[in-house]
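This report describes the fold of one protein chain, from its overall dimensions to the pairing of selected strands.

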Amino acid sequence: MKKNLHQRGAQAPLVGSKATVKIDKLAVGGAGVARHEGLVVFVPLAAPDDELLVEFTLVKKNFSEARILEIIKPGPARRTPPCPVALVCGGCNWQQISEEEQRRQKEQIVLETIQKFNRGLEFEYLPIQASPRSLRYRNRIQPKYANGRFGFFARNSHEIVAIEDCPITETALTDKFSEVKQWLQSQKKSGLQKLEMYISEDDSVRYGLISEEDDGVGFSQVNRFQNVDLIRTALDWASGEEYRHIWDLYSGAGNFTFPFAERWTSAPITGVELNPKLVKRGQAKSRDSRIQFVESDVESFLKKTKPQSQDLVILDPPRAGASEYIMQALLEARPKKIIYISCHPVSLARDLQWFFKKAQELNIKASLRRVQAFEMFPQTDHVETVVELRVDS
Ligand SMILES: C[S@@+](CC[C@H](N)C(=O)[O-])C[C@H]1O[C@@H](n2cnc3c(N)ncnc32)[C@H](O)[C@@H]1O
């Protein structure tokens with residue numbers, strides 16, 4: 001039987017020592033997972049089934065980390081990355097893996113993570129939804145500039161990897177790189193400059209410096225091609241019911257709010273969002289008094305306002321997920337449906353655990369009706385997941 005702990009009696013490897021390992025699979029966070037004398041080894045930039053000569057960079061009681069010194073035998077899905085700086089740039093960590101295998105690994109990671117936190121929980125697991133584009137999909141990026149170098153931070157470093165292009169970014173943005181570099185040079189500012197470049201809703205390209213005080217435009221879905229399918233899925237999974245009220249928690253500027261208001265034409269819809277810039281943008285776009293945006297932290301909002309049993313809740317939190325309070329408050333409110341859109345499998349699995357733990361405590365029948373992973377961020381380990389939750393009223 002495989003054990004997480006280092007085999008009893010086996011000598012722990014020293015940092016700097018070498019070993020040959022075979023990668024079993026990829027983990028949340030993107031590293032390859034191997035075992036060396038029973039000890040789990042995480043190897044960044046690996047591909048499944050790679051046989052590697054590695055050097056240990058960190059050794060703990062239950063796991064270790066190592067870097068690749070030599071690829072002894074590449075796994076079948078290993079490929080030459082499409083981007084020439086992929087192995088040093090901190091932006092993408094899965095370019096060395098075929099896109100089909102990236103999707104297979106994400107599908108597996110989401111399933112295993114939900115199951116690990118929720119033993120015995122049954123649900124329909126749909127095949128991962130591929131992205132219409134695997135390259136040239138990003139419409140918002142945050143490049144850096146210092147001492148004439150324009151690019152992204154190197155992996156685990158604040159060194160800038162100079163770039164002429166970025167193959168995951170839409171050409172409308174990459175075509176502007178030389179203009180942006182000239183603009184930066186003309187500013188004659190010293191030290192590190194952080195920028196944001198994005199394609200705005202009217203399709204024009206915007207760019208500017210960002211700082212601690214001004215952190216840019218705020219959240220928007222970076223893959224607009226796949227966002228269409230994400231919205232369609234959320235709408236389809238909520239369909240077949242009428243709702244008294246729709247609550248779009250973590251609404252941003254209304255990515256889900258507006259399509260839901262269009263599909264359910266009589267229910268009032270409230271977006272709850274912390275970032276005032278996004279609230280203002282949502283409010284400015286709204287032409288219908290049924291649609292409201294409230295500037296608030298979701299947990300504080302739910303302490304004052306409770307959804308009811310005839311309502312729909314859309315929940316799209318940041319990577320940290322929702323919270324124990326939010327999941328339990330939603331369970332107790334017993335809305336007709338909850339559509340949870342997640343950008344981190346671990347926080348999703350933990351939130352589900354809180355939800356079903358409370359359901360058990362209160363003897364309320366709740367179910368995880370279906371789950372589907374979405375490829376929103378090809379060439380990276382990041383994955384989006386949509387789930388449908390139901391509570392018996
Ligand atoms: C994953 S984004 C989703 C936004 C939107 N649903 C969309 O699809 O564009 C999460 C959003 O939650 C907001 N947010 C973060 N923490 C929050 C909190 N505690 N309460 C309310 N909103 C929060 C962020 O500003 C961000 O807009």
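In this predicted model, 51% of the 393 residues of the chain count as buried. A residue is called buried here when its relative accessible area is under 20%. The accessible surface of the chain comes to about 19100 Å², and carbon and sulfur atoms account for 48% of that surface.

**Overall form**

The secondary structure of the chain consists of nine helices and 20 strands. With a radius of gyration of 23 Å, close to the 21 Å that the globule rule gives for 393 residues, the chain is therefore as compact as a globular protein of that length. Along the principal axes, the C-alpha atoms fill a box of roughly 65 × 60 × 35 Å.

Contacts that span long stretches of sequence are well represented: among those between residues at least 6 apart, 65% join residues at least 24 apart. As for charge, the chain carries 55 positive and 51 negative charges, and the mean positions of these two sets are 3 Å apart.

**Strand pairing**

Strands of a sheet pair through backbone hydrogen bonds, in either a parallel or an antiparallel sense. The table lists three such pairs from this chain.

| Strand pair | Sense | Bridges |
|---|---|---|
| β14 (residues 246–249) and β17 | parallel | four bridges |
| β17 and β18 (residues 337–342) | parallel | four bridges |
| β3 (residues 32–36) and β4 (residues 39–43) | antiparallel | five bridges |

**Strand β17 and its partners**

Strand β17 covers residues 312–315. How are its two faces placed, buried or exposed? Both faces are covered: L312 and I314 are buried on one side, and V313 and L315 are buried on the other.

Strand β17 pairs with β14 and also with β18. Individual residues can be matched within these pairings. W247 has V313 in β17 as its bridge partner, while L312 has K337 in β18 as its bridge partner.

**The six-stranded sheet**

Six strands form an open sheet of mixed pairing, in the order β1-β5-β6-β4-β3-β2. At the edges stand β1 (18–22) and β2 (25–26), each with a single partner strand, so one side of each is left without a neighbour in the sheet. Within this order, β4 is followed by β3, and these two strands run antiparallel to each other. Across that pairing, A34 stands opposite V41 in β4.

Conventions
Residues numbered from 1 in each chain as written. Predicted model: local features only at pLDDT ≥ 70, side-chain atom pairs only at ≥ 80, totals over all residues. Heavy atoms only, no water. Rg over C-alpha atoms; globule rule 2.2 N^0.38 Å. Buried < 20%, exposed > 50% of the residue type's maximum accessible area, 1.4 Å probe, protein only. Contact = heavy atoms within 4.5 Å. Areas by Shrake-Rupley, 256 points an atom, 1.4 Å probe, with all protein chains shown as cover. Lys, Arg positive; Asp, Glu negative; His and termini not counted. Charge placed at Lys NZ, Arg CZ, Asp CG, Glu CD. Pairing = 2+ DSSP bridges.
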